Amino acid sequence: MLVKDVEFSETLESLLFPPSSKINEDRIQRIYDIFIKNLVSTSHLFNKRTENIKKKFKPTAECEEAKTDSTSTEETKEEKASGIIAETNEESKKKWASHALSLNSPFEITTSLKNTIHSISKTIQEQWKEYLDLVMLVPHQLAGMLLENFNKTRAHTFKQFVRQVQMNAVAFPFMAAHNVASEHQSLAKVVRSEITTKFAYGYSIKELSMFGKIDEVPVLFEEVFTRSELPLVKSDSGKYEGNLFIFVHGFQATSLNMRTMKNVMLLRFPEIQTLCASSNDEDTEGNIETMAGNLANEISTHIKKWLADTPLHKIFFFGHSLGGIIIRAALPRLGKYKDKMQTFITFSTPHLGCLYQSSKLIGAGMWLLKKWNTSKSLEQLEMSDSKTLTETFMYKLSLMEGLGWFKNVVLVSSFLDQYSPYESARIEIGKKHESNAEYVRMANNILSQIKAQALHRIDVGFNIKKSTINSFIGREAHLQFLENETLLKLLAYRYASTFLNCWIYLLSLIHICRCRRAI
């Protein structure tokens, strides 16, 4: 043994075994916990991850040879005596403690500790080299696997901001709503208070990157009629290219307003095709039927131009406000793609029109815009384009086909949004609507097309702190659906296995399929 090693052992001995101390099992186990436990755990972790990679990706013999070369080192006497490398932490702890107590000498125990630490460290170094060899051999598969784990972690973390309610399917498709808005508003404060308390001592950088400020994260209330996880959807070729996400803006907006939503979806699902519809950027004041025709033509042109070489697989629609109505009106013109329709998501879209406005101020503003700009679309939304309700555009739209084609219909609303009527965004009938038989029939016309297991209602509780004109008139929540990046991430990650079900293992499967062929 070198002089420096002897000096180190003596120094370590004086720290571990002061003159008044005794050698006993408790002290030995504490020494193990302090010096060896984490090293053994690290070694086991490397072994587990390496074996997982080999099992999942079946690396070539070259890697197996690298493994043999990197691990064919002679074991020291201390390794043979303690047997800690191949055991679990509890087993290795007992073995090492038994070995250390048999030595019955502070200096010998310290020397054994030093040699054990050295041997485990050497093993970890060799394991790290083997791990790097695997990384070099299968980088894309590993990236896919890590991304899959990351997505699962995010989905699990976001789960705490969601409250789910199982609804009675007997009441479907027509149901009279109770005072859901006030209940959700009160419950949102309780949920947010619980979460804020949980993170009272701060949160990690990872959580900070996900949430931003915890107290500003939206709280979601989801209503479902059945909980049936849909099967993984994939094409015959095993590829996921050809899935088209279409984003449609609302009143007095442009395609640029949908960029944040599009970017979040691309971040979560990089291989998708996207279309931010721009055919109605110049005018959202006109006839909704005309805008629907523009959208249908734009979609058909996009598919022919950008999906000529890759067959169209599935279509996902995202509509904000008036955009959701335009999509519905465009669906009959897209009948040739009805077998491709997967998911229809609307954000604060007044599916039942704006006949019953939540805010008198908003109602007066819409009346002024309608008269001043001669807005045909607002006239249609307010259902004042005909003296008879059954002759209005919105009622006729309720009779049009299209919603029944989708595997998932997701209605996202907010009880804080005064710009779009709350019940209208949820396609729901409240007490104030029950006396209007034609209005009730319109709601029933829409819901009767949708299968119970396909319908999801998601109510969002924003925590709006800024005092602006938009927040004063109740429009801020309406805009948050476009601007709140945390909400969009929450939807993309939390609901990937529900209404975006075909993407839950998207990238990992793509990388695995491609790289297995390469190997």
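Axes here are lines fitted to C-alpha atoms, for helices over the stretch in contact, and angles run from 0 to 180 degrees between N-to-C directions. The model on screen is a predicted one.

**Stop 1: α11 and α21**

Select residues 259-268, which form helix α11, together with residues 485-494, which form α21. The two axes come within 10 Å and cross at roughly 40 degrees. That angle makes α11 oblique to α21, since angles of 65 to 115 degrees count as roughly perpendicular and those under 35 as roughly parallel. The crossing of this pair is right-handed.

Now show side chains. On the α11 side, pick T260, M261, V264, M265, L267 and R268; their partners in α21 are E485, L488, K489, A492 and Y493. Coloured by class, the contact of α11 with α21 shows 7 nonpolar residues, 1 polar and 3 charged.

**Stop 2: α8 and α21**

Keep α21 selected and add residues 139-158, helix α8. The axes of α8 and α21 come within 8 Å, crossing at roughly 115 degrees. Here α8 passes α21 in a left-handed crossing.

In α8, select F150, N151, R154, A155 and F158; across from them in α21 are K489, L490, Y493 and R494. This contact of α8 with α21 consists of 5 nonpolar, 1 polar and 3 charged residues. K489 and Y493 of α21 appear in the contact with α8 and also in the contact with α11.

**Stop 3: the second largest pocket**

Stay with α21 and add α20, residues 476-483. These are the elements that give two or more residues to the lining of the second largest pocket. The pocket holds about 400 Å³ of space.

Which residues lie closest to the centre of this pocket? Select E216, N463, K466, Q480 and N484, out of 17 lining residues. By class, the lining divides into 7 polar, 6 charged and 4 nonpolar residues.

**Stop 4: α2 and α3**

Finally, select residues 25-35 for helix α2 and residues 37-57 for helix α3. Their axes are 4 Å apart, and the helices pack at an angle of about 50 degrees. α2 and α3 are therefore oblique to each other.

To view the contact, show Y32, D33 and F35 in α2 with K37, L39 and V40 in α3. Of the residues in this contact of α2 with α3, 4 are nonpolar and 2 charged, with no polar ones.

Definitions and conventions: Residues numbered from 1 in each chain as written. Predicted model: local features only at pLDDT ≥ 70, side-chain atom pairs only at ≥ 80, totals over all residues. Heavy atoms only, no water. Parallel < 35°, antiparallel > 145°, perpendicular 65-115°, else oblique. Contact = heavy atoms within 4.5 Å. Nonpolar A, V, L, I, M, F, W, Y, C, P; charged D, E, K, R; others polar. 1 Å grid on protein atoms, 1.4 Å probe; cavity = no way out; pocket = protein on both sides within 12 Å on 5 of 7 lines; lining within 4 Å. Points joined across faces, edges and corners; volume = space filled by probe spheres on them. Left-handed = near helix turned anticlockwise from the far one by under 90°.
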